[in-house]
Amino acid sequence: MKVVIIEDEKPAARLLKRKVENLNCEVIAVLSSVTESIEWFLQNEHPDLVLVDIQLSDGLSFEIFEQVAIKSSIIFTTAYDEYALKAFKLNSIDYLLKPIDENELKAAVEKFLSLQNKTVFNQQSLNTIYSSNFKKRFVVKTGNIIKIIDVNDIECFYSAFKSSFLTTNKSRTFSLDDSLETIEKEVSTDCFFRVNRQFLINLKAIKEISVYSNSRLKISLNNYKDEEIIVSRERVQDFKQWISR
């Protein structure tokens, strides 16, 4: 597997190169700036994988991807977590915080290899075929009033006190009769994701994603503020794939 490293700090670049080579990967180039990287990708065959720092000496590495349609898979390596959401949108395999842990690096590379060797169904096509099976609205009751809630207006579904609820983009909360497990099967996986046992969230409602303890992620929604929404550790990789597809 051919790898390119983009890192402007020479000691960090050398250390990362050794760690990558210990995983039986061939590092074909070590680049140190946005300008140098753009020139290299315009003139050379793209590698299988790129490990790239976000803050480089002459700007953010996102500028590279704005200038060149890079065909490689990407693993971001950075000392900062505020760029996680933008990194995920660039179809990155992973987002590793410095100092790079060898086990986390190995897991990220193994994930890339797994994705390369696995036949992946086109989820978008499947959703198109079965779109008629997904609910487009939910009927809720508040007092003597029955309301119809369009699924696009729902920020999240959650469970509490052995009951299920939905919260709208206008900060209204309504109880539901069905369990979260049943609701999860009724809504489109393009729009909703089960981040943990308690929450099923709408992609359009995500305001911010931040790195949380124990390799988890914290989600902030546009309006819902009642409880912290944490992507459970075992769901983080699936969540990254979902948000970037």
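# A guided tour of the predicted model

Glu39 has a relative accessibility of 44%, so it counts as partly exposed. Select this residue first; the model on display is a predicted one, and Glu39 belongs to helix H2, residues 34–43. Next, add Ile64 to the selection: it lies 25 residues from Glu39 along the chain, and the two C-alpha atoms are 9.5 Å apart.

**The whole chain**

Zoom out and colour by secondary structure. The chain contains 8 helices and 17 strands. Of its 245 residues, 44% count as buried. Displaying the surface shows an accessible area of about 13,900 Å², with 46% of that area belonging to carbon and sulfur atoms. If contacts are drawn between residues at least 6 apart in sequence, 51% of them join residues at least 24 apart.

**Helix H2**

Return to residues 34–43 and show the side chains. Which residues of H2 are buried? They are Val34, Ser37, Ile38, Trp40 and Phe41. These residues lie on the same side of H2, because the arc they cover around the axis is only 165°. Rotate to the other side of the helix, where Leu42 and Gln43 are exposed.

Now select what covers the buried residues of H2. The cover includes E1, E2 and E3, together with strand E4 (55–56), strand E5 (59–60) and helix H3 (62–67). The helix lies across E1 (2–6), E2 and E3, and its direction makes an angle of about 135° with E2.

**The parallel sheet**

Hide the helix and select the strands beneath this view in the order E2-E1-E3-E6-E7. They form an open sheet of 5 strands with parallel pairing. Strand E2 (26–31) and strand E7 (92–97) are at the edges; each has a single partner strand, and one side of each is therefore left without a neighbour in the sheet. On average, neighbouring strands here are turned by 15° against each other, direction ignored.

For one pairing within the sheet, select residues 49–53 and residues 73–78. These are strands E3 and E6, which run parallel and are joined by 5 bridges. Labelling Asp53 shows a residue that stands opposite Thr77 of E6.

**A hairpin**

Move to residues 137–142 and 145–150. Strands E8 and E9 run antiparallel here, with 6 bridges between them. Thr142 is placed opposite Ile145 of E9. Between the strands of this hairpin there are 2 residues, and Gly143 adopts a positive phi near 65°.

**The antiparallel sheet**

Select E15, E16 and E17 next. In that order they make an open sheet of 3 strands with antiparallel pairing. Strand E15 (206–211) and E17 are the edge strands, each pairing on one side only. Here the average turn between neighbouring strands is 30°, direction ignored.

Within this sheet, E15 and E16 are paired in the antiparallel sense over 5 bridges. Label Val211 and follow its bridge to Leu217, the partner in E16. Then restore helix H8, which lies across E15, E16 and E17 and runs at about 140° to E15.

**Aromatic pairs**

Finally, display the aromatic rings. How many aromatic pairs does the count give? It comes to 12. One of them is formed by Tyr158 and Tyr224: the pair is tilted, at 5.5 Å centre to centre with 50° between the planes. This pair links distant parts of the chain, 66 residues apart: Tyr158 is in strand E10 (residues 154–160), while Tyr224 is in the loop between strand E16 (217–221) and strand E17 (229–231). Is Tyr158 buried or exposed? With a relative accessibility of 8%, Tyr158 counts as buried. Tyr224, at 6%, likewise counts as buried.

A further pair brings the view back to H8. Select Phe193 and Phe239, whose rings are edge-to-face at 5.6 Å centre to centre, with 65° between the planes. This pair also links distant parts of the chain, 46 residues apart, with Phe193 in strand E13 (residues 192–194) and Phe239 in helix H8 (residues 236–244). Both of these phenylalanines are buried.

For the last selection, keep Tyr158 and Tyr224 and add Phe165 and Phe199. Ring pairs link these four residues into a cluster.

Notes
Residues are numbered from 1 along each chain as its sequence is written. This is a predicted model: local features need pLDDT of at least 70, side-chain atom pairs count only at pLDDT 80 or more; totals for chains, interfaces and linings use all residues. Side-chain values use heavy atoms; hydrogens and water are left out. Helices (H or I, at least four residues) and strands (E, at least two) are DSSP runs, numbered from the N terminus. Buried means under 20% relative accessible area, exposed over 50%, partly exposed in between (1.4 Å probe, protein chains only). Rings of Phe, Tyr and Trp (its six-membered ring) pair if their centres lie within 6.5 Å; planes under 30 degrees apart count as stacked, over 60 as edge-to-face and the rest as tilted. Contact means heavy atoms within 4.5 Å. Accessible areas come from the Shrake-Rupley method with a 1.4 Å probe; for residues, only the protein chains shown count as cover. Two strands pair if DSSP finds at least two bridges between them. Axes are lines fitted to C-alpha atoms, for helices over the stretch in contact, and angles run from 0 to 180 degrees between N-to-C directions. The arc is that of the directions from the helix axis to the C-beta atoms.
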